[in-house]
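Welcome, and please take a moment with the chain shown here. A short tour follows, from the overall fold to a few individual residues.

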Amino acid sequence: MGHNGGHSDRNQSYGQYNYNKVQNNCCVNGNALSRWNVEGALGGGFLVGGDGLTGSETNIPTTNLRNVGSEDLWDDGLRAELGGSYALNPNRKITGNVFYQENESAGVLNLGDLDGDAFRGSVSDRESYGVELGLRQYFTPKVYGRNIRLRPYVEGKLGAANLDDISLQNVTRDGAALADVGLYEGGWVPTAAGMVGIETPIAKRMTLGVETGLRWQGQLKSDGRSIVSGTGNELAGINNGSDTWTVPLQVRGRYRF
């Protein structure tokens, strides 16, 4: 009897489901499933992989340009999300959100040399917005003392991101300034993410959590127009960059109806 009473307290603290009985109507009195939720998240997006500049793929023998990873071209970024979720059952939710992420340029870098001339430049900021759909699986809440209840979860997401054009800026060759060089054409690319998180109730209808994981973003199309017209073939091949990988770290809030 004592075990059942403690179980009921846990259900009521989460205010969204009852392990023993789930009704079809939505409420937050501990006896039914709150199906609809509004969610928002804010945090960082840390680039950890992907080739941003591929200097080794240039074809001119006298060109000696560096390969530079995405994590070196851009600083740690800011990511914001707004969306909602729908509970399929007490432990599983379909999620959807829109997002915005920005990673500012890391500044001017030494990119190698052209015919022995020092070649330097920076990339433009990396900005994107998009949409994601996901499936979140919750696990049994962990109870610590009388007031702390933590509920872990995992989530898989698929989506699409629209990125702005990316160009090489502040370009100098042997100290002489050159025009900006287009690197990648902006557009839509696919995304996918695997997330892990943990949340806790902070009010009757509100939970707060922290999550992280690994996010993949597809490859942008190379922009060769200004490379051909502005610098001949010396830079051809520098913009054959790969997909990018990001580690998000976010605080997520969820409100249950």
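The report below begins with the whole chain and then turns to single elements and residues.

## The chain as a whole

Please keep in mind that this is a predicted model. Its secondary structure comes to 3 helices and 18 strands. Of the 257 residues in the chain, 44% are buried.

Contacts across the sequence are well represented: among those with a separation of 6 or more, 71% involve residues 24 or more positions apart. On the outside, the chain exposes about 12200 Å², and carbon and sulfur atoms supply 55% of that area.

## Glutamate 132, a buried acid

Let us step into strand 9, which covers residues 126–138 and holds glutamate 132. Is this residue buried or exposed? Glutamate 132 has a relative accessible area of 1%, and because the cut-off for buried is under 20%, it counts as buried.

Which side chains does glutamate 132 meet through polar contacts? One is that of arginine 79, at 3.3 Å. Another is that of arginine 215, at 3.1 Å. Both arginines also appear in the list of residues in contact with glutamate 132 beyond four places in sequence. That list further includes Glu81, Thr95, Gly96, Asn97 and Phe99, along with Lys157, Leu158, Gly159 and Thr191.

## Strand 14 and its partners

Strand 14 spans residues 181–185, and 4 of its 5 residues are buried, so the strand is largely enclosed by the rest of the structure.

Which strands pair with strand 14? Strand 12 (residues 166–173) does so in the antiparallel sense, over 3 bridges. Within this pairing, leucine 168 has valine 181 of strand 14 as its bridge partner. Strand 17 (residues 221–222) also pairs with strand 14 in the antiparallel sense, here over 2 bridges. In that pairing, glutamate 185 stands opposite lysine 221 of strand 17.

## A nonpolar patch on the surface

Now for the outside of the model. Trp36, Val38, Leu82, Val98, Val131, Tyr255 and Phe257 form a nonpolar patch on the surface. Together these residues have about 670 Å² of accessible area.

Leucine 82, one of the patch members, sits in strand 5 (residues 77–89). Its relative accessible area is 53%; because exposed means over 50%, leucine 82 is classed as exposed. Glutamate 132, by contrast, is buried at 1%.

Methods:
Residues are numbered from 1 along each chain as its sequence is written. This is a predicted model: local features need pLDDT of at least 70, side-chain atom pairs count only at pLDDT 80 or more; totals for chains, interfaces and linings use all residues. Side-chain values use heavy atoms; hydrogens and water are left out. Helices (H or I, at least four residues) and strands (E, at least two) are DSSP runs, numbered from the N terminus. Buried means under 20% relative accessible area, exposed over 50%, partly exposed in between (1.4 Å probe, protein chains only). A polar contact is a pair of N or O atoms within 3.5 Å; within protein, one must be able to donate a hydrogen and the other to accept it, and residues adjacent in sequence count only if both atoms are side-chain atoms. Contact means heavy atoms within 4.5 Å. Two strands pair if DSSP finds at least two bridges between them. Accessible areas come from the Shrake-Rupley method with a 1.4 Å probe; for residues, only the protein chains shown count as cover. Patches are made of residues with over 30% relative accessible area and no salt bridge: like charges are joined within 9 Å, nonpolar side chains (Val, Leu, Ile, Met, Phe, Trp, Tyr) within 5 Å. A salt bridge is a side-chain nitrogen of Lys or Arg within 4 Å of a carboxyl oxygen of Asp or Glu.
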